[in-house]
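Please examine the following chain, beginning with its overall dimensions and proceeding to its sheets.

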Amino acid sequence: MKNFTSVYDIENLQDIIAKALKIKENPLENPSKGKGKTIGLVFLNSSLRTRLSSQIAAQNLGLNVLTLNAAQEAWNLEFADGTVMNGDTVEHIKDAIEVLNQYCNIIAVRCFAGMKSKEDDVNESILSQFLKHAKVPVVSLESATRHPLQSLADCITIKEHWKDNRKPKVVLTWAPHIKPIAQAVGNSFTEWMQQMDVDFVIANPEGYDLDKNFTKDTKVIHNQDEALKDADFIYVKNWSSFEDYTAMPKVQENWMLTNEKLELTNEAKVMHCLPVRRNLELRDEVMDGENSIIYQQARNRIFSAQAVFSEILDELK
């Protein structure tokens, strides 16, 4: 694995899920695998689970970990080529990346969608710079359009909780929010579910369809109750409009997940990537209920990251 930015960087999804589950049994089985090598974790946005899980995963492998909160601790970065830097930006991103090349064997970067230019976000204006200028492997800790380590953790969690021989029904359902949220988690989860042996459905209100480049032939239902019927797993997540980029079209129906809605399902397990706005996206009764596997998802972030870092270290030998 040269870089890790999406499911398409994985040679065999079931193999890496199995590897992650084996790592989970004994995370310290290979404590010297990364000895003498350094990973740079570059955060352009806030983080809790991604930061901590990536640090733990790297340390479990013996990697030296450098963490840079670039938005707060580094010079103001310039991303546009050919710019006369006579404003408030002090360092060009390609210079910063070249320095990281000197210090790190792996660069992992987290950069949200800017939510200002649809073109910039769709074209991954920041992550693409890292892929262009990095001379070492690049890992996406979330980008404008995808959150692959989260999605791998989601696959691991579903695999752990599904012991039946039949295909589970997995529903990605939109949830309310107070502000425009990017589509990265929804896009990414969709791509990974398309590679899993599941019956996958997306439920969202009219005006909130995800980018068809990600959904492809996946069934999209605009009636939540209909989509939830007989579901085995429900992934709750908000996103703003893609077509009318960053807009939040008015929704008449109540899309917050409740215990009453869970009665429509096959005792579905409930998932969310966190952080969650309680009693807006889903009720406390669901978040804290016996169907919730949200915290197990969060723990599995360690093992998804460790599996990916381990695969990359194999290539560095």
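The paragraphs below treat the chain as a whole and then its two parallel sheets in turn.

The model is predicted. Its chain contains 13 helices and 11 strands. Along the principal axes, the C-alpha atoms occupy a box of roughly 55 × 50 × 35 Å. The radius of gyration is 20 Å, which agrees with a compact globule, because a globule of 317 residues would have a value near 20 Å.

Burial and contacts add to this description. Of the 317 residues, 54% count as buried, where buried means under 20% relative accessible area. The accessible surface of the chain comes to about 14800 Å², and carbon and sulfur atoms contribute 45% of that area. Among contacts with a separation of 6 or more, 77% are made by residues 24 or more positions apart.

The sheets may now be considered. Strands of a sheet pair through backbone hydrogen bonds, and the arrangement is either parallel or antiparallel. In what order do the four strands of the open sheet follow one another? The order is β2-β1-β5-β6, with parallel pairing. At the edges stand β2 (64-69) and β6 (138-142); each has a single partner strand, so one side of each is left without a neighbour in the sheet. Neighbouring strands of this sheet are turned against each other by 20° on average, direction ignored.

The pairing at the β6 edge can be followed at residue level. Strand β5 comprises residues 106-110 and runs parallel to β6, to which four bridges join it. Within this pairing, I107 stands opposite V138 of β6.

The other open sheet is built from five strands, in the order β9-β8-β7-β10-β11, and its pairing is parallel. Its edge strands are β9 (219-221) and β11 (269-271), each of which pairs on one side only. From one strand to the next, the twist averages 25°.

Which strand is joined to β11 by three bridges? That strand is β10, formed by residues 233-237, and the two run parallel. Here the bridge partner of I234 is V270 in β11.

Taken together, the description comprises an open parallel sheet of four strands and an open parallel sheet of five strands, within a chain whose radius of gyration of 20 Å agrees with that of a compact globule. The reader may trace β5 to β6 through I107 and V138, and then β10 to β11 through I234 and V270.

How values were computed:
Residues are numbered from 1 along each chain as its sequence is written. This is a predicted model: local features need pLDDT of at least 70, side-chain atom pairs count only at pLDDT 80 or more; totals for chains, interfaces and linings use all residues. Side-chain values use heavy atoms; hydrogens and water are left out. Two strands pair if DSSP finds at least two bridges between them. Axes are lines fitted to C-alpha atoms, for helices over the stretch in contact, and angles run from 0 to 180 degrees between N-to-C directions. The radius of gyration is taken over C-alpha atoms; the globule rule is 2.2 Å times the number of residues to the power 0.38. Buried means under 20% relative accessible area, exposed over 50%, partly exposed in between (1.4 Å probe, protein chains only). Contact means heavy atoms within 4.5 Å. Accessible areas come from the Shrake-Rupley method with a 1.4 Å probe; for residues, only the protein chains shown count as cover.
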